[in-house]
Amino acid sequence: MAPGGGICKDVIESRVAYSDYDMATSSAELRGSPLRKAASGLGGSLGATSTNDVQELLECPVCLNLMYPPIYQCPNGHTVCSICKARVLNSCPTCGNELGNIRCLALEKVAESLELPCRYQILGCNDIFLYYGKLKHEKNCRYRPYSCPYAGAECSVTGDIPYLVMHLKNDHKVDMHDGCTFNHRYVKSNPSEVENATWMLTVFNCFGRQFCLHFEAFHIGMAPVYMAFLRFMGDEDEARKFSYSLEVGGYGRKVIWQGVPRSIRDSHRKVRDSQDGLIIQRNMALFFSGGDRQDLKLKVAGRIWKEQ
Ligand SMILES: [Zn+2]
Ligand SMILES: [Zn+2]
Ligand SMILES: [Zn+2]
Ligand SMILES: [Zn+2]
């Protein structure tokens with residue numbers, strides 16, 4: 001992975017940790033919240049000090065993040081979060097005793113009763129949840145980072161759209177084009193080697209947004225095919241506001257596809273396997289390529305427009 005991507009990911013994770021911390025220390029926000037009730041119950045006194053006490057109780061001594069169920073404790077009562085428990089090889093990070101599998105149910109109850117901001121608050125989400133609702137929400141939060149839309153290799157980079165556009169350009173050397181119409185030529189020698197998964201990605205800047213045009217070779221059942229489809233760099237509700245057409249042909253024949261771009265929330269593979277795009281059988285593609293059927297030379301013309 002490119003170093004730039006790793007750095008961004010770390011920044012996002014540490015910001016998330018910071019936002020949790022920020023939430024727990026902001027006592028003005030906590031008036032009447034379960035955290036405040038929990039604080040007075042545990043600390044026996046009111047005020048910012050007891051809130052801090054609860055926050056300290058819930059702070060994992062290893063990663064310093066707030067702990068959520070399951071929370072573990074050693075025989076001496078030192079607590080550790082479940083992620084760090086797996087890292088410390090069964091030895092209490094505070095006293096060195098064997099950790100075992102003792103849960104700290106009282107602290108788990110406190111953690112479950114906290115009202116927490118979405119972990120993507122720093123990215124713009126203002127929703128507040130109890131712990132389990134928060135986990136459920138975060139899986140689909142519209143502010144959660146996007147995964148890199150590049151299809152050719154496993155890439156674990158995540159980020160917002162502007163960051164991913166830079167990442168595609170700099171790290172994957174993806175072609176960028178401005179404009180809502182395009183004419184693309186795909187050339188490949190040895191087109192019978194479909195197994196080698198010819199794939200290409202081009203990004204289009206259009207209406208101030210970005211669209212990924214994927215082109216690739218794969219098999220549907222036993223049949224070798226080529227497929228072209230568009231993904232929108234944004235969420236699905238926005239993707240639905242656009243349409244696109246693709247056409248490919250030659251020698252008086254033409255195949256036309258009209259579709260709606262899919263959000264990059266849907267993986268490249270998911271879109272491909274749902275066959276939601278222009279599909280050309282290899283024989284037809286070779287016919288369009290003309291010549292001796294040795295090379296694939298496809299001209300794909302496309303257009304993206306906004307639905308009213
Ligand atoms: Zn931890
Ligand atoms: Zn201990
Ligand atoms: Zn959210
Ligand atoms: Zn990537």
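UniProt positions are given here in the numbering of this chain, and its annotations may be inferred rather than shown by experiment. The structure is a predicted model.

**Exercise 1. The annotated domain**

Find which residues UniProt lists as "domain: RING-type", and state how much helix and strand they hold.

Solution. The unreviewed UniProt entry lists residues 60–95 under that name. Over residues 60–95 the chain is 17% helix and 17% strand. The C-alpha atoms at the two ends of this stretch are 14 Å apart.

**Exercise 2. An open sheet**

Work out the strand order of the sheet that contains S8, and identify its edges.

Solution. Step one is the order: four strands, S8-S16-S12-S13, make up an open sheet with antiparallel pairing. Step two is the edges: S8 (181–189) and S13 (253–259) each have a single partner strand, so one side of each is left without a neighbour in the sheet. Neighbouring strands are turned by 20 degrees against each other on average, direction ignored.

Step three looks at one pair. S8 and S16 (residues 295–306) run antiparallel and are joined by nine bridges. In this pairing, valine 187 stands opposite lysine 297 of S16. Last comes the helix on the sheet: H10 (residues 282–289) touches S12 (242–250) and S16. The direction of H10 makes about 100 degrees with that of S16.

**Exercise 3. The nonpolar cores**

Describe the largest nonpolar core and say which elements supply it.

Solution. Start with the residues. The largest nonpolar core has 39 of them, and Phe211, Ala228, Leu278 and Leu298 have the most contacts inside it. Next, the elements: H7 (161–170), S9 (199–206), S10 (209–220), S11 (223–232), S12, S15 (278–281), H10 and S16 each supply at least two residues. S11 gives the most to this core, with six residues.

Now take one residue. Leaving out residues up to four places away in sequence, alanine 228 touches Leu213, His214, Phe215, Leu246, Gly277, Leu278 and Val300. Another core, of 19 residues, lies apart from the largest one; among its members are Val54, Leu57, Leu66 and Cys74.

**Exercise 4. The two sides of helix H7**

Decide how the buried and exposed residues of H7 are arranged around the helix.

Solution. First list the buried residues: Leu164, His167 and Leu168. Seen down the axis of H7, these fall within an arc of 100 degrees, so they line one face of the helix. An α-helix has 3.6 residues a turn, so residues three or four places apart point the same way. Then turn to the face of H7 directed away from its buried side, which carries the exposed residues Pro162 and Asn170.

How values were computed
Residues are numbered from 1 along each chain as its sequence is written. Chains are lettered from A and ligands numbered from 1 in the order in which they are written. This is a predicted model: local features need pLDDT of at least 70, side-chain atom pairs count only at pLDDT 80 or more; totals for chains, interfaces and linings use all residues. Two strands pair if DSSP finds at least two bridges between them. Axes are lines fitted to C-alpha atoms, for helices over the stretch in contact, and angles run from 0 to 180 degrees between N-to-C directions. Two residues are in contact if their C-beta atoms, placed from the backbone, lie within 7 Å. A nonpolar core is a set of buried Ala, Val, Leu, Ile, Met, Phe, Trp, Tyr and Cys residues joined through C-beta atoms within 7 Å. A residue is buried if 20 or more other C-beta atoms lie within 10 Å of its own, exposed if 12 or fewer, and partly exposed in between; C-beta atoms are placed from the backbone. The arc is that of the directions from the helix axis to the C-beta atoms.
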